[in-house]
There are 2 protein chains.
Amino acid sequence: MARKAKLKSAAGKQKRLSPDDRRREFVAKATEFFAEQGFGGGTRDLARRLGVTQPLLYRYFPSKDDLIREVYRTVYLEPLDTGWEKLLTDRSRPIRERLREFYNAYTNVIFSRKWLRIYLYSGLKGLDINRRYVAVVQDQILMPIIRECRHEAGLPAQNKPTAAELEMAWVFHSGIFYYGVRKHIYGSSVLEDKQQMIADALDAYLAGFERVFGTGVAPRRAPVKAVG
Amino acid sequence: MARKAKLKSAAGKQKRLSPDDRRREFVAKATEFFAEQGFGGGTRDLARRLGVTQPLLYRYFPSKDDLIREVYRTVYLEPLDTGWEKLLTDRSRPIRERLREFYNAYTNVIFSRKWLRIYLYSGLKGLDINRRYVAVVQDQILMPIIRECRHEAGLPAQNKPTAAELEMAWVFHSGIFYYGVRKHIYGSSVLEDKQQMIADALDAYLAGFERVFGTGVAPRRAPVKAVG
DNA sequence: ATAATTAGTGATCAGGCGATAAACAATCAT
DNA sequence: ATGATTGTTTATCGCCTGATCACTAATTAT
């Protein structure tokens, strides 16, 4: 219903937005609201923030849960289809440069109080959408990275990375991710220069990959003695 | 009031626990409850879980908030006074071994669904206790680690690590931390062998520290070009 | 045994919650 | 201009929440 965008009163002072735009506006502000308050935040407070009365929300969304679902949808899907895999696998450029550029771009998208809080809340709820996002990160980011690292290290190409390779990529990725959490959620004072943080973390990861999985004669994987 | 432990009916079937023990039992079960439900969980549900009626909670705790505070207190303080700093700075043992042992012990404490969820919830609330915990991690764990790494790399000892050193330690630490989050909260399938994950992450960190901050003639800190 | 004290319960209150229905206001089609 | 349609508000419902009070049951002290 009401699908076509009505170009009415394009120049006049618009008191009313088009229904779709209004809806989008509600979702956007609801996202900010729930990011701060958590999804336990009340519909009355949300409506006050929107400058409308509470029952109006129920003309645009059948229930609070539906509104919340829409918030998830937009927050999660917005930043996802950006063709990052291509950037990562462009072997005409050095791997360090590709990875730096990727993580700078990626963190530009997810390092916001809003995004990170919604993400953490949904994770604590155990939502499917969160699991799916984690799977996307693993398949479209970490696995390509590992493939490139194997290539770089002169290791034979394999479709499936080993569990240990995957884990090390996760630790690296999570370390960068948590920089955002510390900055935007905990309010910690972090290294101001995000690019340097990424570059250093990357150097450690690449050095670690080489040392742990690489072909060099130098100390490969050190034996893991049971300690403690 | 009622401070002295009453050794009554030591052998008999005890229907009632001592007040202090009962209180502790309440806090313990409330911790599990809030860890799952979040702190929005209702006092009635909690009471049902405890096998008592809801008003009884208010005999032991003035308000729900007080109970929650006590939950935080026990969860945060329990694992903290374990003299980890000494373990980290014992230079009679190789640094790899010390760090492995430390992180195995540390993760044994914090890698539980209960602890991690309470931690994340309190972080989202922006609670002071969370900030204090972060400060403790930085002062009593990361800074000693950096000091040891500087020593190991033959760098001059400094009281204060640089911001970049600190950041790299945080990224490494957070990466390990997030292994627990992925396993116990997201329910992801992680590398089963926690010790190997720690050992590999450690190798990467140590290699990265050497490469980025070390004294070697080999490529030190690569220049960070602005990308993207 | 009896009185005093403590532990626990049932009933209930005021307030906030999500959601609904009916009335009013603004816009659109004709 | 008029009627239909859509957007918004006022008033309200039933339910659940944290918290309180008066009361009963169990324990302790004398």
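1. Start at the middle of the pair: G175(A) is the residue of chain A that comes closest to the rotation axis, with its C-alpha at 2.0 Å. A turn of 180 degrees and a shift of 0.0 Å along that axis lay chain A on chain B with an RMSD of 0.1 Å, so this is the relation of a two-fold axis. The superposition is by least squares on the C-alpha atoms of residues with pLDDT of at least 70 in both copies.

2. A word on what you're looking at. This is a predicted model, in which local features need pLDDT of at least 70 and side-chain atom pairs count only at pLDDT 80 or more, while totals for chains, interfaces and linings use all residues. Residues are numbered from 1 along each chain as its sequence is written, and chains are lettered from A and ligands numbered from 1 in the order in which they are written.

3. Chain A on its own has ten helices and zero strands (DSSP runs numbered from the N terminus: H or I of at least four residues for helices, E of at least two for strands). Of its 228 residues, 31% are buried, meaning that 20 or more other C-beta atoms, placed from the backbone, lie within 10 Å of a residue's own.

4. Now the interface: 52 residues of chain A are in contact with 52 residues of chain B, contact being C-beta atoms, placed from the backbone, within 7 Å. On the chain A side, α6 (95–110), α7 (113–125), α8 (128–152), α9 (163–184) and α10 (194–213) each supply at least two residues. The largest share, 14 residues, comes from α9(A).

5. That side of chain A divides into 29 nonpolar, twelve polar and eleven charged residues (nonpolar: Ala, Val, Leu, Ile, Met, Phe, Trp, Tyr, Cys and Pro; charged: Asp, Glu, Lys and Arg; polar: the others, Gly among them). The copies meet through the same surface, because 100% of the interface residues of chain A are also interface residues in chain B.

6. Have a look at α10 from both chains. The axes of α10(A) and α10(B) come within 7 Å and cross at roughly 120 degrees (lines fitted to C-alpha atoms over the stretch in contact, with angles from 0 to 180 degrees between N-to-C directions). The two helices are therefore oblique to each other, a label for whatever is not under 35, over 145 or 65 to 115 degrees.

7. Who touches whom there? Residues of α10(A), including D200(A), Y205(A) and R211(A), meet residues of α10(B), among them D200(B), Y205(B) and R211(B). The residues of this contact divide into eight nonpolar, two polar and six charged.

How values were computed
Two residues are in contact if their C-beta atoms, placed from the backbone, lie within 7 Å. A residue is buried if 20 or more other C-beta atoms lie within 10 Å of its own, exposed if 12 or fewer, and partly exposed in between; C-beta atoms are placed from the backbone.
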